[in-house]
Amino acid sequence: MKKLLSACLLALTITTAIAQNQVFYGGKTARLRVPVLTTNRDYLFPSFDLQSKSYTNDTLTVTINELETEVHLDSIDAATWLLLSPGSRMTPGGKLYLHLSTTGAAQTVSVIQGAYAIDEIKAGSVATTVQYVFDGTKYVKLGQTWPHVSSSITQMSSITTGVTCNADAGVITTVSATIPADDSSEQFTLTNSFIKSDSKILLTAGTAGNGLPYPTIVSQTNGSAVIKLSNIHRQAALNNTVKIHFWILNK
C-alpha cells in the first residue's frame with residue numbers, strides 16, 4: 001500500500017512539474033528540453049543534415065531546414081559562391097558547419113544569404129572549417145580553423161629579391177647571404193594574396209649558421225608585405241640561409 005501511495009504521489013509530482021516545464025529529482029530542479037513548436041503544429045526536434053559536394057561549379061544554393069547542417073565542399077577549383085537559403089522552419093540558434101578544401105590552389109569562397117554578404121573565405125588544399133549560427137534573420141560567423149593553405153618558397157638571386165607565396169602559413173628560405181652583426185638588416189617583399197592591409201602577420205626565423213636572425217614587418221598593403229631581416233647578434237655575422245616561418249591571421 002505504501003509503494004502504491006508513493007507511486008501515485010510521484011506521478012502527480014511529475015505531471016504537475018511537466019505542466020510547469022520542470023522536473024524535481026533528488027531534491028533538485030531540472031528544466032525539460034522541449035521541441036520547438038513551428039507552423040502547422042509541427043515540432044522541430046534537434047536534427048542534423050549532411051550535404052556533401054565534390055564541387056566544380058561556381059555557385060551552390062543550400063536550403064537549410066535542420067537545426068544543424070554540415071556542408072562539405074571538397075574539390076573547389078574556382079572562385080565560388082555559396083548561397084544560403086534558410087527554410088521557413090529555421091529558428092534562432094541553428095548551426096551551420098562549412099568544410100572547405102580545394103584541388104590545390106587557393107580559391108575565394110563567398111558566403112551569401114539574400115541581401116547579406118555573410119563571409120568571404122580563402123580556401124586551400126589544407127581543409128578549413130567555418131562555423132555559423134542563425135540569429136533569426138541571418139547566419140553569423142562564429143569561428144574558423146587555420147591554416148587554409150600551407151606552402152614554402154625559396155628566395156632567388158639575393159637577400160633583397162622578392163618572393164611570392166600564396167598561402168596563409170608557410171616557410172621562406174632565403175639565399176645564403178652575409179648580414180653584419182649588431183642590428184644590420186636587409187629587406188624584401190613577400191607577395192601573398194592572403195595579406196590584407198589589417199592582417200596580423202606572425203614571423204619567426206632560424207639559421208644553421210652564425211648570427212641571430214630577427215624578422216619583422218615594416219609595411220603591408222593588400223596582397224604584399226615588406227619583411228625586414230635583422231641580425232641582432234652583437235658579434236657574429238649571418239653567414240647561411242635563414243628559414244622564416246610566417247602565419248597570416250585575418251578577421
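A polar contact is taken here as a pair of N or O atoms within 3.5 Å, of which, within protein, one must be able to donate a hydrogen and the other to accept it. In the predicted model, a pair of this kind links the side chain of Asp182 to the side chain of Arg234, at 2.6 Å. Asp182 belongs to the loop that lies between β16 (169–173) and β17 (184–191). Once neighbours within four places in sequence are set aside, the residues in contact with Asp182 are Asn231, His233 and Arg234. For Asn231, which is 49 residues apart from Asp182 along the chain, the separation of the two C-alpha atoms is 6.5 Å. The relative accessible area of Asp182 is 46%, and the residue is therefore classed as partly exposed, since that class lies between the limits of 20% and 50%.

Ser230, by contrast in its exposure class, is a buried residue, because its relative accessibility of 9% falls under the 20% limit. Ser230 is part of strand β20, which spans residues 224–231. With neighbours within four places in sequence again left out, Ser230 is in contact with Ser184 and Ser185, and also with Leu212, Pro213 and Tyr214.

Turning to the strand pairing, an open sheet is formed by five strands in the order β5-β7-β9-β12-β13, and the pairing within this sheet is mixed. The edges of the sheet are occupied by β5 (48–53) and β13 (139–144), each of which pairs on one side only. From one strand to the next, the twist averages 20°. At the β5 edge, the partner is strand β7 (residues 68–76), with which β5 pairs in the parallel sense over six bridges; within this pairing, Lys53 of β5 stands opposite Leu73 in β7.

Parallel pairing is also found among strands β6, β8 and β10, where β8 is joined both to β6 and to β10. Strand β6 (residues 59–64) runs parallel to strand β8 (residues 80–86), and the two are connected by six bridges, whereas four bridges connect β8 to strand β10 (residues 107–113), again in a parallel arrangement. Leu83 of β8 takes part in both pairings, as the bridge partner of Thr61 and as the residue that stands opposite Ile112 in β10. In general, the side chains of a regular strand alternate between the two faces of the sheet.

Note on methods: Residues are numbered from 1 along each chain as its sequence is written. This is a predicted model: local features need pLDDT of at least 70, side-chain atom pairs count only at pLDDT 80 or more; totals for chains, interfaces and linings use all residues. Side-chain values use heavy atoms; hydrogens and water are left out. Two strands pair if DSSP finds at least two bridges between them. Buried means under 20% relative accessible area, exposed over 50%, partly exposed in between (1.4 Å probe, protein chains only). Contact means heavy atoms within 4.5 Å. Axes are lines fitted to C-alpha atoms, for helices over the stretch in contact, and angles run from 0 to 180 degrees between N-to-C directions.
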